[in-house]
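User: I'd like to go through this model and hear the reasoning behind the labels. Can you take me through it?

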Amino acid sequence: MRLIRKLSLFLVLILFYCKPANQSSSTEKDLETIQKKSLNRLLCNNKLSEFKHSDYLDRQFKRFMEQWQMAGMSVAIVKDERLVYAHGFGYSDVEAKTEMNPGNIFRVASVSKLITAVGIAKLVENGKLRLDSRVFGKDAILSDSIIENSTDKRLKDITVRQLLAHSAGWSQRYGDPAFNSLTIAEKVGDTPPATMSSYYKFICSRNLHFTPGSSSSYSNMGYMFLGDVIAKVSGMPYEDFIRKEVLIPNEIYDMHIGSSLLSGRRENEVKYYEPETSPMIPAFDGSGTMVPKPYGGNPIELLGPAGGWLASSVELARLLTLIDGHSKVKDIVPNKILQEMICPDRTRGPLGWIKVTSSGDWWRTGSMAGTSAMMKRCKNGVSWVVLFNASSWKGTLFAHEINGMMERTLSKLKTWPEHDLFAIQTEKTIEKK
């Protein structure tokens, strides 16, 4: 069964990659057909996730969501690389009273960085670049002529690894450039909205805050440049590369770069909510319009590699099983590269992950206006993804509340079911044939 599934997917991907320029969109339709068999379309709040302790989990998660006054919540739990629990709580759309399902997709904010890091890992595996390849300047990956006249010559020493590890030399001493795109455009003399060209002008006109590789400071902007690295090395747009080379071959069909505006909301996407006291801010497009932060306040498309991806809890859980170092499901990157990704040295790693512990737990969190996300790989084989379509007044610190709740809740369970909700996708693929 597994062989038939893989052969079917392989044939569709061959058609997709080899489509002539003047061919109709039939292969895109083939991919749309496959997408309908994605986990997101097959899972809902039904009895599939029920087992001896599932009612207990339901109560704990619902209580936590209500305690923090969140609009909705989605949880996926993996035991020994099997998806054993997937459930949504609250509403994906409060106004329409639409129930949250585990297949709803969310902005996952900085969880996007892990997706980008996996893309880089695939390029390293395929010999297209090295982690220590230089990024900016002549004979480097991104060789735009503007870089040759940069104010700080150390810019040309920055490596791929340093961008991944937040050790490239930028800090948030004067604010986060990624979330101040209006200011960036103004500083470099560009008409809003800012583009990646604006950010190249910006980094070339400023001094680094520290010598690359000598320290670390969280940098969303660094990951924005990694999107250009992937595009340049792969020869295709960043999102296309990630989908075609990382996601689709592994039956992850419903992850995409999101839209900044409510009008760009996808069919299966949640709506985003902030606390009622949150102020309106100027739109990122420079129109002067005052907008809610989740819709028009941030350039989601521009943030893409750093914070622009949409995903469900269940498809993120599938991705987690492919990069977790556990043995039951083969990882999609070699162990040597995986070890680089979890390097504990703060100037060399971790790469994509936000935190790795000596006990073997790896975290990735995400937070922005209207969304909160966390995924965790646990040494004991019980890993999980939790997503909210609202942001907390605690901001990035809300991740500690999520982690504490999950640790307390899951520690009560001594036995787990044998079912695997990932297998539903296989069964539907075979059934269709």
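**Labels and the reasons behind them**

Analyst: Sure, and keep in mind that this is a predicted model. Let's start with H166: its relative accessible area is 10%, so H166 counts as buried.

User: What makes 10% enough for H166 to be called buried?

Analyst: Buried means under 20% relative accessible area. H166 has 10%, so the label holds. H166 sits in the loop between α6 (160-164) and α7.

User: What is said about the phi of H166?

Analyst: H166 isn't a glycine, yet its phi is positive, at about 60 degrees. Most residues other than glycine have a negative phi. E81 is another non-glycine with a positive phi, of about 70 degrees.

User: Where is E81, and is E81 buried or exposed?

Analyst: E81 is in the loop between β1 and β2. Its relative accessibility is 4%, and the cut-off for buried is under 20%, so E81 counts as buried.

User: Why is E50 called partly exposed?

Analyst: Partly exposed covers the range between the buried cut-off of 20% and the exposed cut-off of 50%. E50 comes in at 47%, so partly exposed is the right label. You'll find E50 in the loop between α3 (39-42) and α4. In sequence E50 and P417 are 367 residues apart, but their C-alpha atoms are 9.0 Å apart in space.

User: What makes β1 largely enclosed by the rest of the structure?

Analyst: For strand β1 (residues 72-79), 8 of the 8 residues are buried, so the strand is largely enclosed. Both faces are covered. On one side the buried residues are G72, S74, A76 and V78, and on the other they are M73, V75, I77 and K79.

User: How do you know that β1 pairs with β2?

Analyst: Pairing takes at least two bridges between the strands. β1 and β2 (residues 82-93) are joined by 8 bridges, so they pair, and they run antiparallel. A76 stands opposite A86 in β2. The two strands form a hairpin with 2 residues between them, and D80 in the turn has a positive phi of about 50 degrees.

User: Which other strand pairs with β1, and over how many bridges?

Analyst: β12 (residues 382-388) pairs with β1 over 7 bridges, in the antiparallel sense. In β12, V382 stands opposite K79.

User: Why are α4 and α15 called roughly antiparallel?

Analyst: Helix α4 (residues 54-67) and helix α15 (residues 398-410) pack at about 160 degrees, with their axes 11 Å apart. Angles over 145 count as roughly antiparallel, so α4 and α15 get that label. Their crossing is right-handed.

User: Which residues of α4 and α15 meet?

Analyst: From α4 there are Y56, L57, Q60, F61 and F64. They meet F398, E401, I402, M405, M406, R408, T409 and L410 in α15. By class, this contact has 9 nonpolar, 2 polar and 2 charged residues.

User: And why are α5 and α12 called roughly perpendicular?

Analyst: Helix α5 (residues 112-125) and helix α12 (residues 300-308) pack at about 85 degrees, with axes 8 Å apart. The range for roughly perpendicular is 65 to 115, so the label fits α5 and α12. S112, K113 and T116 of α5 make the contact with G304, P305, A306, G307 and G308 of α12.

User: How many nonpolar, polar and charged residues does that contact of α5 with α12 have?

Analyst: It has 2 nonpolar, 5 polar and 1 charged residues. Glycine counts as polar, so G304, G307 and G308 go into the polar group.

User: What makes β4 and β5 edge strands?

Analyst: The open sheet has 3 strands in the order β4-β8-β5, with antiparallel pairing. β4 (106-107) and β5 (256-257) each pair on one side only, and they are the edge strands. Between β4 and β8 (residues 309-311) there are 2 bridges. Pairing needs at least two, so β4 and β8 qualify.

User: Where are the cis peptide bonds you can point to?

Analyst: One runs from P192 to P193, with omega near 5 degrees. Another joins G349 and P350, where omega is about -10 degrees. Most peptide bonds are trans.

Key
Residues numbered from 1 in each chain as written. Predicted model: local features only at pLDDT ≥ 70, side-chain atom pairs only at ≥ 80, totals over all residues. Heavy atoms only, no water. Axes fitted to C-alpha atoms, helices over the stretch in contact; angles between N-to-C directions. Helix = DSSP H or I, 4+ residues; strand = E, 2+ residues; numbered from the N terminus. Parallel < 35°, antiparallel > 145°, perpendicular 65-115°, else oblique. Contact = heavy atoms within 4.5 Å. Left-handed = near helix turned anticlockwise from the far one by under 90°. Buried < 20%, exposed > 50% of the residue type's maximum accessible area, 1.4 Å probe, protein only.
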